[in-house]
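Please open the model in a viewer and keep a selection tool at hand. The stops below say what to select next and what is there.

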Amino acid sequence: MLNITKVQFTSQLPTFSRSSDRLLQPLWDYFLFNHYSLISSPFFPVILCFSSYFFSSLPFAVLDLLGDKVPSIHRYKIQQERRPTIRMMAKSIGRAVYNHLIFVLPAVLIQTCFMPSAVLPTSAPTVVEVLIDGLAVLLLFDTQYFMWHFVHHKHPQLYRWVHAIHHEYMAPFSWSTQQISIPELITVGFWSNLDPILLKCHPFTIWCVTILSIWMSVEGHIGYDLPWGLNHLVPLGLLGGAPAHDMHHQKPNSNYAPFFSHWDIIFGTAILAGKITEKKVSEKQQVLFK
């Protein structure tokens, strides 16, 4: 993977002994020279994650509120008979804000007391490095979450205590992407922070993967099978996208992987998208949620 050369800084801004001919170097230099205090802050990942979630979700929330007033988009809605209300949206956003105020921000504050300041490399990654390392992070996280997700659906107590809150709505919508419990947030956050370290990813790669993974997560919850969705743009059915995850909320014992489709195909848990009635949803899981 990447071999990142890090240097210790004697001042707030890094110094450069020579320029780099890497394609991304001018952009990386811009961040270092103009926004170093921001990108080296321990709060920057939090800002990046939450803003990515907010701005990725907002357009689809507007579409949900407009409904059939925008027929060109509404015809792609998977469960057209179910439409999120403002109250449902507010509850999901409130959960995301609550998790950040109660857990994420205190965790970052504690981290600043025990962890040294971030040291950023002076050289940018190559485009190939960003693509390869980014794909590796997504594949690793996809594997980890598939196993975690599978176990939490098969174990009644784990489902009730940890994961049930995410299945409050049979028809997911963009804001519900981060309607998760704090234990699940801890698990997802642990992998999201550990995996790039294990794979020795450049900070710029981590930012790109963060934005892309949150977009993919939101897209999986929007409830629209849009023809320009990543699951249609990426060939061979490699990505599940909104149809797969929407089916998971209708039929919870299926489509456990967050991004890719290979693990569900291998373990026989992949179910093609399609409409099913509420009666077909596992009564056991409905009881557990209550």
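Helices here are DSSP runs of H or I with at least four residues, numbered from the N terminus. By that count, a loop between helix 9 (230-233) and helix 10 (241-250) holds L236, a later stop. The model is a predicted one.

**Whole chain**

Start with the full chain, coloured by secondary structure. The protein has 12 helices and zero strands, so the order of elements from the N terminus is α-α-α-α-α-α-α-α-α-α-α-α. Of the 290 residues, 46% are buried. Among contacts with a separation of 6 or more, 75% join residues 24 or more positions apart.

Now colour by pLDDT. The mean for the protein is 88, and 87% of residues reach 70 or more. Select residues 1-13: pLDDT stays under 50 there, and the model has 29 contacts beyond four places in sequence for this stretch. Then select residues 274-290, where pLDDT also stays under 50 and the model has 25 such contacts.

**Annotated spans**

Which residues does UniProt mark as "transmembrane region"? The unreviewed entry places this feature at residues 43-67, 97-118 and 130-151. Select residues 43-67: the span is 92% helix and 0% strand, with its end C-alpha atoms 36 Å apart. Go on to residues 130-151, which are 100% helix and 0% strand, and whose end C-alpha atoms are 32 Å apart.

**The largest nonpolar core**

Select Y53, F173, W175, I222, Y224 and L226. These are the residues with the most contacts inside the largest nonpolar core, which has 18 residues. Helix 2 (44-66), helix 4 (86-114) and helix 8 (203-221) are the elements that give two or more residues to this core. Helix 2 gives the most, with four residues.

Centre the view on F173 and show its surroundings. Beyond four places in sequence, F173 touches D64, P84, M88, M89, S92, H221 and I222. A second core, separate from the largest one, has 15 residues, including V137, W191, M216 and F260.

**S52 in helix 2**

Back in helix 2, pick S52. Is S52 buried or exposed? S52 counts as buried because its relative accessibility is 9%, and the cut-off for buried is under 20%. With neighbours within four places in sequence left aside, S52 is in contact with I211 and I214.

**Helix 8 and its end**

Select helix 8 and draw a distance between its end C-alpha atoms. The 19 residues of helix 8 should span 27 Å at 1.5 Å a residue, and the end C-alpha atoms are 27 Å apart, so the two values agree. The expected value is 1.5 Å times one less than the number of residues. Just after helix 8, select G223, which takes a positive phi of about 80 degrees.

**Two loop residues**

Next, select L236, in the loop between helix 9 and helix 10. L236 is not a glycine, yet has a positive phi of about 65 degrees. L236 counts as exposed because its relative accessibility is 80%, and exposed means over 50%.

Move along to N255, in the loop between helix 10 and helix 11. N255 also has a positive phi, of about 50 degrees, although it is not a glycine. Its relative accessible area is 4%, so N255 is buried.

**H262 in helix 11**

Select H262, which lies in helix 11 (residues 262-266). H262 has a relative accessible area of 29%, so it is partly exposed. Which residues is H262 in contact with, leaving aside its neighbours within four places in sequence? They are L139 and D142. Add L239 to the selection: H262 and L239 are 23 residues apart in sequence and 8.4 Å apart in space, C-alpha to C-alpha.

**Cysteines**

For the last stop, select C113 and C208. How many disulfides does a search of the whole structure find? The search finds zero. C113 is exposed because its relative accessible area is 61%. C208 is partly exposed, with a relative accessible area of 29%.

Key. Residues are numbered from 1 along each chain as its sequence is written. This is a predicted model: local features need pLDDT of at least 70, side-chain atom pairs count only at pLDDT 80 or more; totals for chains, interfaces and linings use all residues. Side-chain values use heavy atoms; hydrogens and water are left out. A disulfide is a pair of cysteine sulfur atoms within 2.5 Å. Buried means under 20% relative accessible area, exposed over 50%, partly exposed in between (1.4 Å probe, protein chains only). A nonpolar core is a set of buried Ala, Val, Leu, Ile, Met, Phe, Trp, Tyr and Cys residues joined through side-chain atoms within 4.5 Å. Contact means heavy atoms within 4.5 Å. pLDDT is the predictor's confidence in each residue, from 0 to 100. UniProt positions are given in the numbering used here, feature names are shortened, and annotations may be inferred rather than shown by experiment.
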